[in-house]
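Me: I would like to go through the terms used for this model and see what each one rests on. Please set each value against its cut-off.

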Amino acid sequence: MSNQIQPVRGMNDVLPAEIGAWQHVERVARAALAAYGYEEVRVPIVEHTELFKRSIGEFTDIVEKEMYTFQDIGGESLTLRPEATAGIVRCAISNGLLRGARHKLWCQGPMFRHERPQKGRYRQFYQIDVEALGFPGPDIDAELIALTARLWRELRLTRVRLMINSLGTAQARAGYREQLVQYFRSHESALDEDSRRRLGGNPLRILDSKNPQMRALIEGAPLLHDYLDPESREHFAALRAALDALGIAYEVNPRLVRGLDYYSRTVFEWVTDALGAQDAVCSGGRYDGLTAQLGGEPTPATGFAMGLERVVALVSQLPDGPPAAVPEVYIVASGERAQLRALGLAEQLRDALPGRTVLLNLGGGNFKTQFRRADRSGARVAVILGDAELDRGVAAVKPLRGDDGQTDCPLSELPARIASLL
Ligand code: HAM
């Protein structure tokens, strides 16, 4: 056993017993995204390291200490994407999609961050990432939030709360930043190590500290809201009015600053009390400066990403959980000719019953063994074919749940008979 290869810490296998919940979430999300006109894109998992430095920011936790960065054989510094926004914006620029056009895009896949793994926090995790490029107004911010609220409704998740804030423009934030640095410098001895480090590079992140000993100091810090530029103030008021009109409850959290540097104006986060410390299930915001920062035409943009592990965990906690995938039909076949015929019969049934799962007993076995497998599979109906049945042109049909007995059915009528039983 000692030479067994272990999985990489913080990177998970998703097993068949869990995949139903994943697929359910993905199906609901895909349908909701289509309903709002979002189109899927697929972007690489690996990008130039520079892309993430320039977008997420040099002084963020992600870039400073969480990226999977490596040199490839050609000597280029590449990074496994820690998030998807930078890649989608890079894709829009590389493919000339901006040019004043508007795009509603989404993508899905694994992200990589070398964080300390714990429940709900992994080193490889999946996001559904949604980005609206070319839309300046608060209406799209509100529509994005409505989309997420719809997702929770359709997934029947109730233990989620929405927090919103406005970070203003980069210029307004620079003024606020100065005030904040002054405030924290005057209390420097009370700062913990992390906050002291952030003071030089990214002082806003101090507001995000989870350290209870920092709470009082943070409570007393100046509020960004008081430094917002008038346009950002208006944008935020319009977003709030739109959410009110939509009947979406929210809490304004002036300390919601997010861990990535590209945000401006609206930021939001859906949090839950049902998952312990890792409480953010979906977060995002507006990033009007990013396209220009990455060398593209200045384009207003906004978006969000949800952590699939966390959403799946919430769905799995529901009392009547996600629908389990069970096969509909199990074909039991014994005898050389019957086994050969059963292969073709299974194909015919799959043709006739699209979307249904038809399992054929593989690898032989006597009737008893085969029935045991049929039972374990959870199938609703067994089709039994022996050489004797074959000679009579029939198969036996046996519902595996309920008390109905076994009946013979002409092979030609089998698809219709089974359809009537499902
Ligand atoms: P983020 O807040 O870094 O934002 O991540 C978005 C979501 O991904 C989080 O709310 C959480 O559900 C999930 N997540 C993050 N880290 C982990 C982890 N280590 N393990 C499990 N789940 C995790 C972004 O990534 C932005 N790109 C979102 C965005 C899109 N903003 C605008 N557009």
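Reply: Buried means under 20% relative accessible area, exposed over 50%, and partly exposed in between, with a 1.4 Å probe and protein chains only. This is a predicted model, in which local features need pLDDT of at least 70 and side-chain atom pairs count only at pLDDT 80 or more, while totals for chains, interfaces and linings use all residues. Residues are numbered from 1 along each chain as its sequence is written, and side-chain values use heavy atoms, with hydrogens and water left out.

Me: Why is R258 called buried?

Reply: R258 has a relative accessible area of 12%, so the term buried applies. R258 sits in the loop between strand 8 and strand 9; strands here are DSSP runs of E with at least two residues, helices are runs of H or I with at least four, and both are numbered from the N terminus. Phi of R258 is near 70°, a positive value in a residue other than glycine.

Me: What makes R99 exposed?

Reply: The relative accessible area of R99 is 63%, and exposed means over 50%, so R99 is exposed. R99 lies in the loop between helix 4 and strand 5 (103–112). R99 has a positive phi too, of about 40°, although it is not a glycine.

Me: Why does P354 count as exposed?

Reply: P354 has 64% relative accessibility, and the cut-off is over 50%, so P354 counts as exposed. P354 belongs to the loop between helix 12 (336–352) and strand 13 (358–360). Its C-alpha atom is separated by 54 Å from that of A170, 184 residues apart along the chain.

Me: What makes the contact of R90 with E47 a salt bridge?

Reply: A salt bridge is a side-chain nitrogen of Lys or Arg within 4 Å of a carboxyl oxygen of Asp or Glu. The closest N and O atoms of R90 and E47 are 2.9 Å apart, which fits that definition. R90 lies in helix 4 (residues 85–94) and E47 in strand 2, so the pair ties together parts that are 43 residues apart in sequence. R90 is partly exposed at 23%, whereas E47 is buried at 7%. The structure holds 25 salt bridges.

Me: Why can such side chains pair?

Reply: Side chains of opposite charge can pair when their charged atoms come close.

Me: How do you know that R156 and D320 meet in a salt bridge?

Reply: Their N to O distance is 3.1 Å, and the definition asks for within 4 Å. The pair links distant parts of the chain, 164 residues apart: R156 is in the loop between helix 5 (138–154) and strand 7 (160–166), and D320 in the loop between helix 11 (308–317) and strand 12 (329–334). R156 counts as partly exposed at 43% relative accessibility, and D320 as exposed at 56%.

Me: Which term fits D229, buried or exposed?

Reply: D229 has 12% relative accessibility and counts as buried. R265 counts as buried at 16%. The side chains of D229 and R265 meet in a salt bridge (3.7 Å, N to O). D229 lies in the loop between helix 8 (215–219) and helix 9 (230–246) and R265 in the loop between strand 8 (251–252) and strand 9 (266–272), so this pair joins parts 36 residues apart in sequence.

Me: Which residues are linked in a network of salt bridges?

Reply: The network links D61, E64, K65, D194, R197, R198, R205 and D208.

Me: How do you know that a residue is near the ligand?

Reply: One of its heavy atoms must lie within 4 Å of the molecule. 27 residues surround the ligand, and the closest are E83, T85, E115, Y263 and S283. Strand 10 gives the most to the shell, with 6 residues.

Me: What makes the E115 pair a polar contact?

Reply: A polar contact is a pair of N or O atoms within 3.5 Å; within protein, one must be able to donate a hydrogen and the other to accept it, and residues adjacent in sequence count only if both atoms are side-chain atoms. A polar side-chain atom of E115 lies 2.6 Å from a nitrogen atom of the ligand, which is within that limit. At 3.3 Å, a polar backbone atom of V281 meets an oxygen atom of the ligand, and a polar backbone atom of F304 a nitrogen atom.
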